[in-house]
Amino acid sequence: MQKQFRFQDMEVWRRAASLSPKLFRLANELEQKRLYRFAEQLRGATLSISNNIAEGSGSVSKAEFAQFLNMARRSVFEVANILMLLGKGQLLPIGEITPIIAELEEQSRMLLAFIRTLKA
C-alpha cells in the first residue's frame, strides 16, 4: 500500500494495525459461539486504537494529538479488559489471549511515551 498519510510512518500505528487482524479473528470466533456483544465490543475497541492514532495525526496541535493518543491508549485498556474477562470465563483459550495481552501492554507503553514527547 502506498504511503499517503502521516500516520502510516508511525510505528505505534503500524503495531496497532498489525494487531487488529488477530483481534478480528477472535471476534469472529466469539460470533461463532454466539457471543455477539463481546464480538461487537472487541471489534469497536480494536478499531478505536488505530483510528484514534490516525485521526490524531491530522491534528494541528501537539496537545490535540496527545488527546487522540490518550483515547487510543484507553481503547488498548478496553481490549485488554475484554480479553481478560473472556479468559476468566473460559470463553477463549488463555493461550490465545496471553500473547495478545503482552502486545497490548507494549502498545500502551508506546502510546504513553509518545504522549509524553508531545507534552514535553
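**Notebook: a four-helix model**

I began with the contacts of this predicted model. Counting pairs at least 6 apart in sequence, I found that 66% of the contacts in the protein join residues at least 24 apart.

**Entry 1: overall layout**

I looked up the secondary structure next. The protein has four helices and zero strands, and from the N terminus on the order reads α-α-α-α.

Then I checked the overall dimensions. For 120 residues, a compact globule would have a radius of gyration near 14 Å, and the protein comes out at 15 Å, so the two agree. Along the principal axes, the C-alpha atoms fill a box of roughly 45 × 30 × 20 Å.

**Entry 2: surface and charge**

How much of the protein counts as buried? I noted 42% of the 120 residues. The accessible surface comes to about 7100 Å², and carbon and sulfur atoms account for 55% of that surface.

I also looked up the charges. There are 17 positive and 12 negative ones in the protein, and their mean positions are 3 Å apart.

**Entry 3: helix lengths**

I took helix α3 first, residues 62–88. Its 27 residues should span 39 Å at 1.5 Å a residue, and the end C-alpha atoms are indeed 39 Å apart, so expectation and model agree.

I repeated the check on α4, residues 94–119. This helix has 26 residues and reaches 37 Å from its first C-alpha to its last, close to the 38 Å expected at 1.5 Å a residue.

**Entry 4: the buried side of α4**

Which residues of α4 are buried? My list reads I97, I100, I101, L104, Q107, S108, M110, L111, I115 and L118. I kept a helical-wheel reminder beside it: an α-helix has 3.6 residues a turn, so residues three or four places apart point the same way. For the cover over the buried residues of α4, I wrote down that it includes α1, α2 and α3.

T98 also sits in α4, but T98 is missing from my buried list because its relative accessible area is 46%, which makes it partly exposed. I paired T98 with E31 for a distance: they are 67 residues apart along the chain, and their C-alpha atoms are separated by 20 Å.

**Entry 5: a residue in α2**

I moved on to L47, which lies in helix α2. Is L47 buried or partly exposed? With a relative accessible area of 42%, L47 is partly exposed. From L47 I looked across to E96: the pair is 49 residues apart in sequence and 20 Å apart in space, C-alpha to C-alpha.

**Entry 6: positive phi in two loops**

I scanned the backbone angles and stopped at R34. Its phi is near 65 degrees, a positive value in a residue other than glycine. R34 is found in the loop between α1 (11–32) and α2 (36–57). R34 has a relative accessible area of 65%, so I marked it exposed.

Where is Q90 placed? I found it in the loop between α3 and α4. Q90 is not a glycine either, yet its phi is positive, at about 55 degrees. With a relative accessible area of 71%, Q90 went down as exposed.

**Entry 7: ahead of the first helix**

My last stop was K3, in the segment before α1. K3 is exposed, with a relative accessible area of 53%. What does K3 contact, leaving aside its neighbours within four places in sequence? I wrote down Q8, D9 and R14. So K3 counts as exposed because its relative area passes the 50% cut-off, and I kept its contacts with Q8, D9 and R14 on the same page.

Conventions: Residues numbered from 1 in each chain as written. Predicted model: local features only at pLDDT ≥ 70, side-chain atom pairs only at ≥ 80, totals over all residues. Heavy atoms only, no water. Rg over C-alpha atoms; globule rule 2.2 N^0.38 Å. Buried < 20%, exposed > 50% of the residue type's maximum accessible area, 1.4 Å probe, protein only. Contact = heavy atoms within 4.5 Å. Areas by Shrake-Rupley, 256 points an atom, 1.4 Å probe, with all protein chains shown as cover. Lys, Arg positive; Asp, Glu negative; His and termini not counted. Charge placed at Lys NZ, Arg CZ, Asp CG, Glu CD. Expected span 1.5 Å × (residues − 1).
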